[in-house]
Amino acid sequence: MIPSEQMEMEEEESKELLDECWEMIFDRLQHKSDQESITLVCKRFLSITNSVRNIRFCNLRGDLNEAVVAIARSGLDLEELLALSDIHSQRALWLEELGSNMKNKALTFSGGQGDADLVRIADSFPNLEELCIDHEGVYTITVTDEGVDYMSSKLKRLRKIDLSNKAHISDKSLVLLSKNCQLLEHIKIYDYSTVTEEGISFLVNNSHHLNFLYICKGVKIDSFGVNGSSSFLPNLRSLRLQHVDISDEFLISLTEARMSLTDLALTDCESFTFTGISRLLLHTAQSLKSFELGGLRGVEFLTNEHIEYLSSFLQNLTSIKLFDCSNLSDSAFVMITQRCSHLCHFAMTDSSLGKEDYKYDGLMKKNQSVKYLDLSSHDEFRASVLKRLLYICPEVEKLRLRHCFFLRHDKLNVPDILEYNRRLVKLDITGSHHIKYLTENDLELEFYVLEKLVAKFSGINDRLLTKLGRICPRLVHLNLQDCGKVTEQGVKEVLILCKQLRYLSISCCEKVDFNIIPWIVTSRPSLRKLVSSSRNYPDDETQEHFLQQGCLVLKDSNYYFTEDVFRCNMLNLNMCVLL
């Protein structure tokens with residue numbers, strides 16, 4: 001008989017969530033500042049949040065070898081390491097150190113030594129599951145078939161590979177990956193490769209577990225060479241094609257492969273028509289969750305009438321992105337939001353929104369599911385039209401209005417946007433002009449939950465900036481790059497009002513002198529990262545002083561990490577800067 005106290009204890013323990021569950025919860029938090037708040041709850045939460053972080057090196061001017069070796073010997077249990085640098089000396093040494101001291105499952109770092117990098121990685125990380133080689137610079141040595149041959153023969157557990165857009169590989173590499181990496185699920189193929197339709201078809205038909213295929217290459221594909229029941233194409237869940245020449249016959253052939261796609265993207269593809277894409281969408285309607293279509297080529301055929309037809313059977317979609325579809329207007333927007341009730345992400349850019357004589361009525365349903373809305377790249381846009389669209393989607397949390405040019409007599413009113421969408425936490429008005437300036441009568445005190453404002457190259461001025469500071473006290477991220485109408489006074493006002501601000505960029509703000517930076521760092525102790533308005537300030541000594549105050553101040557455009565910066569970050573991992 002188990003004592004009652006022991007039974008109660010076991011019952012309490014059974015209610016405890018596993019660390020893995022907490023990791024999934026914490027990983028969905030939108031801001032790192034939220035994770036830092038969680039670390040104050042208990043030591044267990046501190047340990048969990050530290051475990052889900054990664055470390056990334058970018059533009060490290062100090063000794064990269066010393067830094068990486070220090071991390072390898074630190075005892076940190078990293079699952080992913082991002083090492084991006086142009087320093088190549090002793091690379092074999094620190095790869096060996098990382099491989100022998102850490103159990104990395106994912107590795108991302110800049111190339112530069114081509115096949116030699118693949119050989120070192122394969123020898124150092126025999127259990128690697130995810131690999132991304134990012135080639136930086138023009139004169140780097142690229143990856144070839146020989147490197148892929150050696151790497152694929154060693155990394156038997158490889159599931160995901162991205163060899164960057166400068167890998168000079170051919171069909172041979174695709175054959176090798178298919179034969180040697182039996183667990184391969186995810187692959188990206190770029191334009192610098194010389195792969196053909198034949199190699200891609202072999203990959204698709206011989207990779208048992210392949211569920212994600214991304215092709216960004218000017219190649220013509222008529223068929224994946226589906227071979228009846230022996231094809232593994234039905235396992236494919238995500239198909240993303242960019243700059244690919246495809247035909248209606250190709251799209252229709254995919255329906256014959258009994259695919260259950262959940263993600264489909266056709267960007268800057270050409271030679272297909274509405275007939276082909278509609279047949280494929282009709283076939284995958286039950287499984288498809290994300291659909292992306294657009295680009296500068298190939299979608300001129302798409303009209304409001306086509307959207308009306310497609311939306312009738314795409315009601316399970318949670319994400320729709322329509323780019324550069326100039327023939328789509330208000331009717332298409334309304335039809336999608338009314339019929340796709342599960343829609344969470346919706347992008348409709350560079351369209352004809354506002355140019356159709358569409359009669360909005362009060363009978364329209366409000367789509368409460370849309371959380372992300374992108375209406376970027378619209379000329380002669382009207383704020384009155386924007387209000388109507390936001391009325392239909394009142395629960396938007398992230399709104400992009402990049403490069404929207406509003407009419408002078410119907411200007412963008414940012415506080416109005418916040419009023420229509422009181423749950424808005426991120427607003428991006430980069431490059432948007434004709435923004436309504438506020439008067440003293442507009443300064444009523446309403447509080448909103450906006451946390452991130454990106455206003456690069458926009459017409460925002462001091463008065464609007466001060467207004468936003470008053471009504472958005474939760475602001476943590478503010479990007480004012482190239483805002484020519486913002487002065488030091490506006491910056492001071494918003495810093496005084498936004499006591500939780502953690503990121504600020506005054507890059508290229510010609511009316512904001514860099515001499516204000518010491519005041520900024522001292523006056524706003526919550527600030528963790530600041531982009532200077534000067535290419536020469538701060539120097540290394542001053543930067544170290546700011547770091548001791550808890551803020552990383554970066555030069556405008558051209559900045560470099562120093563060895564001292566790295567040491568400061570190593571002493572306090574909670575301050576580790578991810579660039």
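User: What share of the contacts in the chain with a separation of 6 or more comes from residues 24 or more positions apart?

Analyst: In this predicted model, residues 24 or more positions apart account for 75% of the contacts in the chain with a separation of 6 or more. Buried residues make up 52% of the 579 residues, and the secondary structure comes to 21 helices and 22 strands.

User: Why is G354 called buried?

Analyst: The relative accessibility of G354 is 15%, and the word buried applies under 20%, therefore G354 counts as buried. G354 is found in the loop between β14 and β15, where, leaving aside residues up to four places away in sequence, it touches D330, R382 and V385. G354 and H378 are 24 residues apart in sequence, with 9.2 Å between their C-alpha atoms.

User: Why are S271 and H434 called partly exposed?

Analyst: Partly exposed covers what lies between buried, which is under 20%, and exposed, which is over 50%. S271 has a relative accessibility of 48% and H434 one of 25%, so S271 counts as partly exposed and H434 likewise counts as partly exposed.

User: What makes the backbone of S271 and of H434 worth noting?

Analyst: S271, although it is not a glycine, has a positive phi of about 85°, and H434, also a residue other than glycine, has a positive phi near 65°. S271 lies in the loop between β11 and α12, while H434 lies in the loop between β17 and β18.

User: How do you know on which side of α18 its buried residues lie?

Analyst: The buried residues of α18 are G490, V491, V494 and L495. They cover an arc of only 130° around the axis, which puts them on the same side of α18. The general background is that an α-helix has 3.6 residues a turn, so residues three or four places apart point the same way. As for their surroundings, the buried residues of α18 pack against α17, β19, β20 and α19.

User: Which residues of α20 are buried, and which exposed residues does the face turned away from them carry?

Analyst: In α20, the residues T542, Q543, F546 and L547 are buried. Their arc around the axis is only 145°, which puts them on the same side of α20. The face turned away from that buried side carries the exposed residues E541 and Q548. In the loop between β21 and α20 lies P538, joined to Y537 by a cis peptide bond with omega about 10°, and after α20 comes G550, whose phi is positive, near 100°.

User: How do you know which side chains of β4 point to which face?

Analyst: The side chains alternate along β4: L131 and I133 point to one face and are buried, whereas E130, C132 and D134 point to the other and are not buried. This fits the rule that in a regular strand the side chains alternate between the two faces of the sheet. β4 pairs with β5 in the parallel sense over three bridges, and since two strands pair if there are at least two bridges between them, three bridges meet that condition. In β5, I161 is the bridge partner of L131.

User: What is the make-up, by class, of the lining of the second largest cavity?

Analyst: The structure holds three cavities of 30 Å³ or more, and the second largest has a volume of about 90 Å³. Its lining has 10 nonpolar, one polar and no charged residues. Among the lining residues are F291, L302, S311, I336 and C340, and α13 and β13 each supply at least two residues of the lining.

Terms used
Residues numbered from 1 in each chain as written. Predicted model: local features only at pLDDT ≥ 70, side-chain atom pairs only at ≥ 80, totals over all residues. Heavy atoms only, no water. Buried < 20%, exposed > 50% of the residue type's maximum accessible area, 1.4 Å probe, protein only. Helix = DSSP H or I, 4+ residues; strand = E, 2+ residues; numbered from the N terminus. Arc of directions from axis to C-beta. Contact = heavy atoms within 4.5 Å. 1 Å grid on protein atoms, 1.4 Å probe; cavity = no way out; pocket = protein on both sides within 12 Å on 5 of 7 lines; lining within 4 Å. Points joined across faces, edges and corners; volume = space filled by probe spheres on them. Nonpolar A, V, L, I, M, F, W, Y, C, P; charged D, E, K, R; others polar.
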